[in-house]
Structure formats: C-alpha cells, structure tokens
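Student: I'm new to this one and would like a close look at a single part. Please pick a spot, walk me through it slowly, and then show me how the rest of the chain is laid out around it.

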Amino acid sequence: MKQADFGFELEAHPLETPDEAHVIESQDIRPPITLVRGYLGKAQQNALINEAQSYPLTRPQIQVFGRYHAIPRQQVWYGDLGCDYLYSGLFIRALPWPKYLQKLRDKLQRDFELGSNGVLVNRYADGQDCMGAHSDDEPEIAHGSDIASISLGATRDFVIKHKHSKQKCCISLHSGDLLIMHWPMQRDWLHSVPKRLKVTEPRWNYTFRQLVVNYHG
Ligand SMILES: O=C(O)CCC(=O)C(=O)O
Ligand SMILES: [Fe+2]
C-alpha cells in the first residue's frame, strides 16, 4: 500500500525556535498503520462471532525463562497447507479455514490487496486476559509483508511503542474495526493488549498473516 494511504504519515515537527544553532532535529515518528473503523457491519460481525463459538481454542503453555506458563488468552491457528507456525517455542500445525474466516480473508484481498495464508485467532475472555508487548517478527513471516488485524466483541486498548525512541500511542479497537500493520511496523515497533480490569465481555482478534510456505518442511 502507498505511504499516502496510511492512517498516519511521517511528518516533520515545525521548528520551535528560530535559533537554528540550537535546534535538535526532531521528528515525530508515527507507526505505519491504517485504521478502518467499522470495516465489518453488524451482520458480518455476528456471523464471525457465531462461527468462533465452535473454534477449537486452546490455552497453550509457553516457556518463559525456563518455566512454563499458560498464556493469558486462548488461541487457534488456521492456514493453508504448509503454513504451520512456530510461535513462542510452540509448533502449531495449520487447521483448514472455516467458512467465514475464509470469506474475511478474501474480502481483505479484494479491498486492500492484502494477501494472507494464515490467521491467528485470539480470544480474550475478559479484561484479565491480555497480550504482552511483542513484534510479529518470526522468521516464517514473509519479509516485508503487512499484517491485518480484525477485532470483534469488547473494546480493548491496543498499545504501540517504538523500540528505540519509546514513543507510545494507544488506540481503542472496537468491534468491526480493521487495523493494518504495514511493514516496517514489526521491525521498529512493539504492540500489546494490556489488562483492563473493567472489561467484562469477551473479545476476539484475528491477525491475517503471510507466511513463507513450507518454511518448516
Ligand atoms: O489482540 C490484538 O489486538 C493483537 C493480537 C496480536 O498482536 C497478535 O496476535 O500477535
Ligand atoms: Fe501481534
């Protein structure tokens, strides 16, 4: 996608002082994202949420500093043949696409030329469930590809932080919103879904990804 199509663009700060000798070059860098509020209508949201009731979600244990912990949410991975995923040390074999997830994948392709061959579904039961700061930079993700994130159900905050400048921004993601994370978001920025104890309803998030086919043989 062209830079001009981004929800945010790089823009230079105007200089605050006329004394050029003391100006420290400063740029307000923005994450390379496109946010489309209400991308999915109510009927599309309901069809997806209904379908998600029968997804075989699991809460895997991952190893952090040598100890196993259950992740604070549930998840399932769908994808094309040969699109298995190694995620936090877990090898996850791709399950075949369910009907409405497949329709959504086709819609993203049509509307934004967003190619994907896998989708990670996360279910946050309530505001206790969360996702820590990370980048989706596993080696099987096709280099330079964009990741499309669809949110359904409860509104949750999505926090983006620059890896070096530590600049931060927070976006409330509502049911039906689409957030496209363009390259080089995964190289330069971290993102997270922090706990929000006031949230009592479940939320689903789908991240559509482009993997290198047969990366794991
Ligand atoms: O739930 C979200 O909005 C983000 C999910 C995410 O970052 C991921 O699946 O890698
Ligand atoms: Fe992520």
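**A loop residue and its surroundings**

Tutor: Let's start at Gln167, which sits in the loop between strand S12 and strand S13 (168-173). Keep in mind as we go that this is a predicted model. Is Gln167 buried, exposed or partly exposed? It's partly exposed, because 14 other C-beta atoms lie within 10 Å, while a buried residue would need 20 or more and an exposed one would have 12 or fewer. Setting aside its neighbours within four places in sequence, Gln167 is in contact with Ile29 and His162. Ser135, for its part, is 32 residues from Gln167 in sequence, and the two C-alpha atoms are 15 Å apart in space.

Now look at the two strands on either side of that loop. S12 and S13 run antiparallel and are joined by 6 bridges. To see the pairing for yourself, find Ile160, which stands opposite Cys169 in S13. The hairpin they make has 5 residues between the strands, and Lys166 takes a positive phi near 70° there.

There's another hairpin to set beside it, made by strand S4 (61-64) and strand S5 (67-70). S4 and S5 pair in the antiparallel sense over 4 bridges, and here Gln63 stands opposite Tyr68 in S5. This hairpin has 2 residues between its strands, and Phe65 takes a positive phi near 50°. Gly66 is in the loop between S4 and S5 too. Gly66 counts as exposed because it has 5 C-beta neighbours inside 10 Å.

That brings us to an annotation. An unreviewed UniProt entry lists Phe65, Gly66, Arg67, Tyr85, Leu86, Tyr87 and Asp137 under "binding site". Those residues span 73 residues in sequence, and the farthest two C-alpha atoms are 22.7 Å apart, so they do not all gather at one spot. Take Asp137 from that list: you'll find it in the loop between strand S10 (131-134) and S11. Asp137 also counts as exposed, because it has 11 C-beta neighbours inside 10 Å. Not counting residues up to four places away in sequence, Asp137 touches Gln186 and Arg187.

The unreviewed UniProt entry also gives residues 115-212 as "domain: Fe2OG dioxygenase". Over that stretch the chain is 4% helix and 48% strand, and the end C-alpha atoms are 12 Å apart.

Next, find ligand 1. Which residues are around ligand 1? They are Leu120, Asn122, Met131, Asp136, Ser149, Phe158, Leu173, His191, Val193, Asn205 and Thr207. Strand S9 (118-124), strand S15 (189-193) and strand S16 (203-209) each supply at least two residues of this shell. Sorted by class, the shell has 5 nonpolar, 5 polar and 1 charged residues.

Some of those strands turn up again in the nonpolar core. The largest such core has 30 residues, and Ala148, Ile150 and Leu179 have the most contacts inside it. Among the elements that give two or more residues to it are helix H1 (42-52), helix H2 (99-112), S9, strand S11 (147-153), S12, S15 and S16. Our starting hairpin therefore has a link to the core through S12 (156-162), one of those elements, which the usual pattern helps to frame: in soluble globular proteins, nonpolar side chains tend to be buried together. Zoom in on Ala148 and leave aside its neighbours within four places in sequence: Ala148 is in contact with Leu108, Leu114, Ser116, Leu178, Ile180 and Phe208.

One more loop is worth a stop. Gly38 is placed between strand S3 (33-36) and H1. Gly38 is exposed, because 12 other C-beta atoms lie within 10 Å. Gly38 is in contact with Gly176 and Asp177, leaving aside neighbours within four places in sequence. Gly38 and Ser151 are 113 residues apart in sequence, yet their C-alpha atoms are 9.8 Å apart in space.

Finally, zoom out. The chain's secondary structure comes to 3 helices and 16 strands. Of its 217 residues, 28% count as buried. Among contacts with a separation of 6 or more, residues 24 or more positions apart account for 75%.

Technical notes. Residues are numbered from 1 along each chain as its sequence is written. Chains are lettered from A and ligands numbered from 1 in the order in which they are written. This is a predicted model: local features need pLDDT of at least 70, side-chain atom pairs count only at pLDDT 80 or more; totals for chains, interfaces and linings use all residues. UniProt positions are given in the numbering used here, feature names are shortened, and annotations may be inferred rather than shown by experiment. A residue is near a molecule or strand if its C-beta atom, placed from the backbone, lies within 6 Å of it. Ala, Val, Leu, Ile, Met, Phe, Trp, Tyr, Cys and Pro count as nonpolar, Asp, Glu, Lys and Arg as charged, and the others, Gly among them, as polar. A nonpolar core is a set of buried Ala, Val, Leu, Ile, Met, Phe, Trp, Tyr and Cys residues joined through C-beta atoms within 7 Å. Two residues are in contact if their C-beta atoms, placed from the backbone, lie within 7 Å. Two strands pair if DSSP finds at least two bridges between them.
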